[in-house]
Amino acid sequence: MGRTSSKEDAGALFHSLRSAYAATPVNLKIIDLYVGFAIFTALIQVVYMAIVGSFPFNSFLSGVLSCFGTAVLAVCLRIQVNKENKEFKDLPPERAFADFVLCNLVLHLVIMNFLG
């Protein structure tokens, strides 16, 4: 019928995404790994809570929110450091990293305070 299957379409999409990601600079790939690690750590905590229970619920919330907050801040860092993003072209990468570190300090001070 002249129509390609959805499996071929998915393969072509995967190939194009892989080739586009291969051109991504190494520093952005490292930030991507960090975001993936933070999300994976949050998922491990959720699975652990589902298996064992959530007795100190503040501790569970603090851990998960710390992981997700760190991931969000890392995505913001990635957006600011990306050279192709014209909105932050005048922002030096050192300033973006300093903002990331300062926001992480504030986030984790709030998380530690929430632990009670």
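This section describes the nonpolar core, aromatic pairs, surface patch and salt bridges of a predicted model.

The largest nonpolar core has 11 residues. Its members are Leu28, Ile31, Val35, Ala38, Ala71, Leu73, Ala74, Leu77, Val81, Ala96 and Phe100. Helix 2, helix 3 (57-81) and helix 4 are the elements that give two or more residues to this core. The most comes from helix 3, which gives five residues. Such a grouping can be set beside a general tendency: in soluble globular proteins, nonpolar side chains tend to be buried together. One of the core residues, isoleucine 31, touches Ala74, Leu77 and Arg78 when residues up to four places away in sequence are not counted. Of these contacts, Ala74 and Leu77 also belong to the core, while Arg78 takes part in a salt bridge with aspartate 32.

Three aromatic pairs were counted. In one of them, tyrosine 34 and phenylalanine 100 are arranged edge-to-face, with 6.3 Å centre to centre and 80° between the planes. The planes of this pair count as edge-to-face because the angle is over 60 degrees. Tyrosine 34 lies in helix 2 (residues 26-52) and phenylalanine 100 in helix 4 (residues 93-115), so the pair ties together parts of the chain that are 66 residues apart in sequence. The two partners differ in their cover: tyrosine 34 is partly exposed, at 37% relative accessibility, whereas phenylalanine 100 is buried, with a relative accessible area of 12%. The pair formed by phenylalanine 97 and phenylalanine 100 is tilted, because the ring planes stand at 35°, with the centres 6.0 Å apart. Both of these phenylalanines lie in helix 4, three residues apart, about one turn of the helix. Phenylalanine 97 is partly exposed, at 48% relative accessibility. Through these ring pairs, Tyr34, Phe97 and Phe100 are linked into a cluster. Within the cluster, Phe100 is also a member of the largest nonpolar core.

Phe97 contributes in addition to a nonpolar surface patch of about 560 Å², together with Val101, Leu102, Leu105, Val106 and Val110. Valine 106 is located in helix 4 and is partly exposed, with a relative accessible area of 47%. The C-alpha atom of valine 106 is separated by 21 Å from that of phenylalanine 37, the two residues being 69 residues apart along the chain.

The structure holds two salt bridges. In general, side chains of opposite charge can pair when their charged atoms come close. One salt bridge joins the side chains of aspartate 32 and arginine 78, at 2.5 Å from N to O. This pair links distant parts of the chain, with aspartate 32 in helix 2 and arginine 78 in helix 3, 46 residues apart. Both partners are partly exposed: aspartate 32 has a relative accessible area of 22%, and arginine 78 has one of 23%. Arginine 78 is also among the contacts of isoleucine 31.

The side chains of arginine 95 and aspartate 99 also meet in a salt bridge, at 3.3 Å from N to O. Arginine 95 and aspartate 99 are separated by about one helical turn, because they are four residues apart in helix 4. Here too the partners are partly exposed, arginine 95 at 47% relative accessibility and aspartate 99 at 26%.

Methods. Residues are numbered from 1 along each chain as its sequence is written. This is a predicted model: local features need pLDDT of at least 70, side-chain atom pairs count only at pLDDT 80 or more; totals for chains, interfaces and linings use all residues. Side-chain values use heavy atoms; hydrogens and water are left out. Rings of Phe, Tyr and Trp (its six-membered ring) pair if their centres lie within 6.5 Å; planes under 30 degrees apart count as stacked, over 60 as edge-to-face and the rest as tilted. Buried means under 20% relative accessible area, exposed over 50%, partly exposed in between (1.4 Å probe, protein chains only). A nonpolar core is a set of buried Ala, Val, Leu, Ile, Met, Phe, Trp, Tyr and Cys residues joined through side-chain atoms within 4.5 Å. Contact means heavy atoms within 4.5 Å. Patches are made of residues with over 30% relative accessible area and no salt bridge: like charges are joined within 9 Å, nonpolar side chains (Val, Leu, Ile, Met, Phe, Trp, Tyr) within 5 Å. Accessible areas come from the Shrake-Rupley method with a 1.4 Å probe; for residues, only the protein chains shown count as cover. A salt bridge is a side-chain nitrogen of Lys or Arg within 4 Å of a carboxyl oxygen of Asp or Glu.
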